[in-house]
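Here are some short exercises to work through with the model open in your viewer. Try each task before reading its solution.

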Amino acid sequence: MSDVALRMEHLYKKFRKGETYNSLRDLLPAMTGKMFRGQELDATVRREFWALQDISFEVKRGEALGIIGRNGAGKSTALKILSRIMRPTKGRMVVNGRLSALIEVTAGFHPDLTGMENIFLHGTILGMSKREIQSKLDQIIAFSGIEEFIDTPVKRYSSGMYARLGFSVAAHVDPEVLVVDEVLSVGDFVFQQRCMDRIRSVIKSGTTVLFVSHNLKAVTEICPRAMLLDHGKVLMIDDTDAVARKYLSLGAMPDTADEEKPVYISKVRVRDRDGEQSTFESGEKAWVDIEVTAREAIDKLAVVIWFKDESEYIIFHTSTERLGFAPFCLQPGGTYRCTFELTLNIAHGTFHLVTEIHRYDIQKGYDRQDPASTIFIGSTTAVGGAVNCFPRLVESETAVPPTQYCEV
Amino acid sequence: MRVELEELYKYRELLYMITYRDIKVRYKQSIMGFFWAILMPILIVMSGVVVRYAYAMVSHAPLKTADIASVAIKSVPWAFIVSSIRFTCNSLTGNRDLVVKIYFPKEIFPMAAVLACLFDFFVASSALLIFLVLIKIGWSIYLLWVPVLVATTVLFCIGIGMIVSAASLFFRDVKYIVEVFLTFGIFFTPVFYDMRMLGDRGKWLMLNPVAPLLDGLSTCIARHQSPDVHWFLYSLVFSLTSFSVGFVLFKHLEPAFAESI
């Protein structure tokens, strides 16, 4: 066996936009029209677009490759082609070994069957044999954490339970190539952790993994290398950190100023000591320059900024007013500039900076840029969570216990 | 075709599971349970009895038990053909999620639909068996024809089912066309009547590939005779062709399913 697990060579995929003929009642008149009058088969033939263009990449056995890209970049199409649900228009693809996809982990469920029956149904759909499922049954049930409801029809399950059971089955397939598409949005925090652990152990056991997610943090944690897709093309394949930075630079296009607003944020810049920057080390200092321009005379303004994490959770906010600066007034055409200095005691991850012009006394927001910028925090300290408390281990001691307690 | 058939064989457990699911769900959801499986055959038998009675009145020939037995014997497989083609028609569109998201040989869906209906057929057949025993129809060596004829019918249904399921995935109105054919098909198939009632022209109706199968079943069960071998071979060839053509066509279209559904 070669050491290549997956390879795509100059792969293209074309889709048709818009409605095609999906009933004979529409198709037959169109076809006769074409025959007798020489008409084109409507405009549908010409309305094509390339979902993937010239995709080439290779994944070695046991490697984990992340795929990132904005919505519509072609990630899911690429995965569907890899898992043979769709056929490429042009190009070649090689998959060595059993491929299993963690995409929509509950697709195989039937609501009227019990959890137990669905484990067998979904398991066989994912390519496991009955005997294989039987031998892993206890593990699957334990992993899902819904032992008590296993004989209840899954339509009575909460959506979290539903998804957890689906993931548990899918996670026990033992493929040689595992494709993971945005499944971490499932379940609560504890379950997500368990999923990540499972994926990590799958990688450790030598399985090749393709990991697609919008959660940059998860991608960087799992995959050393990543591929960036944009508009169906490969922009780069490199170290995940570098790819993540490139990805963020795609997103940071500030909206053009809206003509209607009496006052608007005309510029936002995040920089370090040397100039504009989007990646920082945890604990570093950053400066945010904001410029506000007014079209009309306007009173009592303040600039508010906040950071939110990828799940839209606000982790920090402040404003000029809170920092003790009096509200400012602007004349038509006048501008206001301010700079915030921030110490980024944030843990590793991706954070969005949102800026807003706010008038506190009447509680009115005039303009908001969401996100005005996105920053990526790298960390050398191994910490998790939202903040970095810069932990240091100052003392570590093992007490020798009396032997009778030592029953581990 | 060989590679595809081998792959299908590899996924035989899945075929079994999907069939099991279809049966289980059908019986779980309906209050009538097993009665559901014999409802349609009973209705067909009853309408057949009415038709035969009317015919007996007109021709002044008495209505014999053997005639009623013959109608009953043909109704049960006819009900199977109608319901399996009806179910295959929706078998792909009704499993949208699985068609779009997970790879496996998709012909499993029409096949499972036919097999689930075959289960109903066996339930109905048991009821029919009790009926036949009660009217003392007797038995003969020709009963060995029954599994052969049933197997050919199943093959025919799977072949047509693969074509119909793929067609209705691409064209949503196919199911209405199919429905019309299933409703009026009974008049072009010797279920209520016998070929012999139509005299010489009866053989034209035998061109309907289902006719020799139903007629054969009634001949070997009710009249203890061998079915017409030539007409049976015609049906067999037709079924094998529909299966092969259906399979090749289905496999050819399969890669486009996910984007067209």
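Two exercises with worked solutions follow, after a note on conventions. This is a predicted model, in which local features need pLDDT of at least 70, side-chain atom pairs count only at pLDDT 80 or more, and totals for chains, interfaces and linings use all residues. Residues are numbered from 1 along each chain as its sequence is written, while chains are lettered from A and ligands numbered from 1 in the order in which they are written.

**Exercise 1.** Find the angle at which the axes of helix 7 and helix 8 of chain B cross, and classify it.

*Solution.* Start with the elements: helices (H or I, at least four residues) and strands (E, at least two) are DSSP runs, numbered from the N terminus. Axes are lines fitted to C-alpha atoms, for helices over the stretch in contact, with angles from 0 to 180 degrees between N-to-C directions. For helix 7 (residues 145-170) and helix 8 (residues 174-185) of chain B, the axes come within 8 Å and cross at roughly 140°. Helix 7 of chain B is therefore oblique to helix 8 of chain B (under 35 degrees is roughly parallel, over 145 roughly antiparallel, 65 to 115 roughly perpendicular, the rest oblique).

**Exercise 2.** Work out the strand order of the six-stranded open sheet in chain A, then its edges.

*Solution.* First, the order is 5-6-7-3-8-9, with mixed pairing; strands pair if DSSP finds at least two bridges between them. Next, strand 5 (99-102) and strand 9 (233-239) of chain A each pair on one side only, making them the edge strands. The twist from one strand to the next averages 20°. Finally, strand 5 and strand 6 (residues 177-181) of chain A pair in the parallel sense over four bridges.
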